[in-house]
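Open the model in your viewer and keep the selection panel handy. We will walk from one stop to the next, picking residues and looking at what surrounds them.

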Amino acid sequence: MKTAGTVWFSPLTRRRWRNFRSHRRGYWSLWLILSLIMLSLLAELIANDSPLVMRYKGDFYFPVWAAYPESTFGSVFDTEVEYTDHSLQDTIEAHGWMIWPPIPFGYDTIDLYTEETVPEAPSERHWLGTDEIGRDVVARLIYGFRLSILFGLVLTALSSLVGVAVGAIQGYFGGMVDLIGQRLVEVWTGLPVLFLLIIVSSLVQPGPTVLLLLLFAFSWSTLVPVVRAEFLRTRNFDHVRAARALGQGNGAIMIRHVLPNAMVATITYLPFVLNGSIIMLTTLDFLGFGLPLGSPSLGELLSQGKANIDSPWLGLSAFFTLAVMLTLLIFVGEGVRDAFDPRRSVN
């Protein structure tokens with residue numbers, strides 16, 4: 001009797017999954033990094049300067065999901081509520097109650113009630129201390145992790161689409177197309193990317209979208225050599241020649257018969273491309289040419305750690321966050337590489 005796995009997955013796919021599971025380090029790293037990503041996606045429920053739910057004079061409110069004016073809670077002003085105000089907290093608790101997230105600070109919340117000068121050392125109130133303007137380090141790490149990993153995933157996806165397309169065209173058609181395309185790619189990859197990004201970033205203050213496009217302009221060429229080599233190797237296989245003899249178009253042959261072979265090498269390379277994307281974003285933020293000021297950036301936290309040597313929790317927190325994230329991604333990449341290795345088989 002066939003199981004659901006037998007119906008939906010080919011024997012090759014099941015063999016690759018078994019190979020991946022046998023790579024214990026990569027397998028558990030995958031689950032751990034996915035768990036961390038899921039937690040970071042719920043960052044607003046973990047670290048926020050607004051209560052999750054509250055009750056005031058018999059009515060329920062959900063400040064995490066909706067904004068309320070101060071007049072709702074007895075004030076004469078119609079501005080948005082600042083829930084960190086102690087007098088407002090006393091007013092609400094006198095007529096109801098509030099349930100706060102585990103970390104009652106957002107990534108941009110400046111704590112005005114610190115007991116020591118900032119950067120404040122780790123304490124019960126701030127588990128990993130505060131940065132140089134009084135923002136909670138744990139909250140910034142959570143939001144910074146989410147921003148870095150999502151930024152890297154989007155950049156990797158866009159770079160892969162263009163890189164695979166360019167490499168496929170060069171490798172499949174060969175000849176002058178490959179010769180001219182390869183010279184253009186070599187010129188483009190020979191440019192001093194970091195210096196060009198610094199120059200452009202110094203002229204305009206890039207937001208996340210602009211910075212993504214800037215990095216994408218120089219990162220798409222990473223996969224071109226890998227895909228090009230696979231297409232050059234595969235285009236003369238017997239089944240490709242047979243498809244060409246049967247009159248199939250070049251586009252159909254490239255997608256149906258050549259691309260699957262090239263995707264094996266491409267997929268094994270993607271975790272390392274993702275790591276490079278995250279490192280480039282962190283580097284630009286560290287140098288002050290990355291995300292806008294105030295963004296939850298791991299690179300900016302590293303920069304604060306360099307500027308505040310007497311506050312080691314700043315640099316060490318960002319360093320270990322990056323180290324864990326990049327190490328887990330490398331382990332996943334090793335597991336994927338072994339899973340797609342045709343010489344490796346697990347019964």
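The model holds 11 salt bridges, where a salt bridge is a side-chain nitrogen of Lys or Arg within 4 Å of a carboxyl oxygen of Asp or Glu. Before you select anything, note that this is a predicted model, in which local features need pLDDT of at least 70 and side-chain atom pairs count only at pLDDT 80 or more, while totals for chains, interfaces and linings use all residues. Residues are numbered from 1 along each chain as its sequence is written, and side-chain values use heavy atoms, with hydrogens and water left out.

**Stop 1: charged pairs**

Side chains of opposite charge can pair when their charged atoms come close. Start by selecting Arg25 and Glu334, whose side chains form a salt bridge at 2.8 Å, N to O. This pair ties together distant parts of the chain, 309 residues apart: Arg25 sits in helix 3 (residues 24-41) and Glu334 in helix 14 (residues 312-339). Helices (H or I, at least four residues) and strands (E, at least two) are DSSP runs, numbered from the N terminus. Is each partner buried or partly exposed? Arg25 is partly exposed because its relative accessibility is 45%, and Glu334 is buried because its value is 18%. The cut-offs are under 20% relative accessible area for buried, over 50% for exposed, and partly exposed in between (1.4 Å probe, protein chains only).

Next, select Arg140 and Glu300, which meet in a salt bridge at 3.2 Å, N to O. Here too distant parts of the chain are linked, with Arg140 in helix 6 (residues 137-173), Glu300 in helix 13 (residues 298-307), and the two positions 160 residues apart. Both Arg140 and Glu300 are buried. Add Asp131 and Arg135 to the selection, and you have a network of salt bridges linking Asp131, Arg135, Arg140 and Glu300.

For a local pair, go to helix 10 (residues 224-234), where Arg233 and Glu230 lie 3 residues apart, about one turn of the helix. Their closest N and O atoms are 2.7 Å apart in a salt bridge. Arg233 counts as partly exposed because its relative accessible area is 45%, while Glu230, at 17%, counts as buried.

**Stop 2: helix 13**

Return to Glu300 and colour the rest of its helix. The buried residues of helix 13 are Leu298, Gly299, Glu300, Leu301, Gln304 and Gly305. They pack against helix 6, helix 12 (250-287) and helix 14. At the N-terminal end, Ser297 acts as a cap, with a side-chain oxygen 3.2 Å from the backbone nitrogen of Gly299.

**Stop 3: the nonpolar cores**

A nonpolar core is a set of buried Ala, Val, Leu, Ile, Met, Phe, Trp, Tyr and Cys residues joined through side-chain atoms within 4.5 Å. Which residues touch the most other members of the largest one? Among its 24 residues, they are Ile33, Ile149, Ile278, Met325 and Leu329. Helix 3, helix 6, helix 12, helix 13 and helix 14 each give two or more residues to this core, and helix 14 provides the largest share, 11 residues. Centre the view on Ile33: leaving aside neighbours within four places in sequence, Ile33 is in contact (heavy atoms within 4.5 Å) with Phe145, Met325, Leu328, Leu329 and Val332. A second, separate core has 13 residues, including Leu197, Leu214, Leu281 and Leu284.

**Stop 4: two polar side chains**

Stay in helix 14 and pick Thr321, which is buried because its relative accessibility is 18%. Its side chain reaches the backbone oxygen of Ser317 at 2.8 Å. Beyond four places in sequence, Thr321 is in contact with Leu141, Phe145 and Leu298.

Now jump to Asp111, in the loop between strand 3 (96-99) and helix 6. Asp111 is buried, with a relative accessible area of 6%. Its side chain makes a polar contact of 2.6 Å with the side chain of His126; a polar contact is a pair of N or O atoms within 3.5 Å, and within protein one must be able to donate a hydrogen and the other to accept it, with residues adjacent in sequence counting only if both atoms are side-chain atoms. A polar atom of the Asp111 side chain also lies 3.0 Å from the backbone nitrogen of Tyr113. Not counting residues up to four places away in sequence, Asp111 touches Phe105, Arg125, His126 and Gly134.
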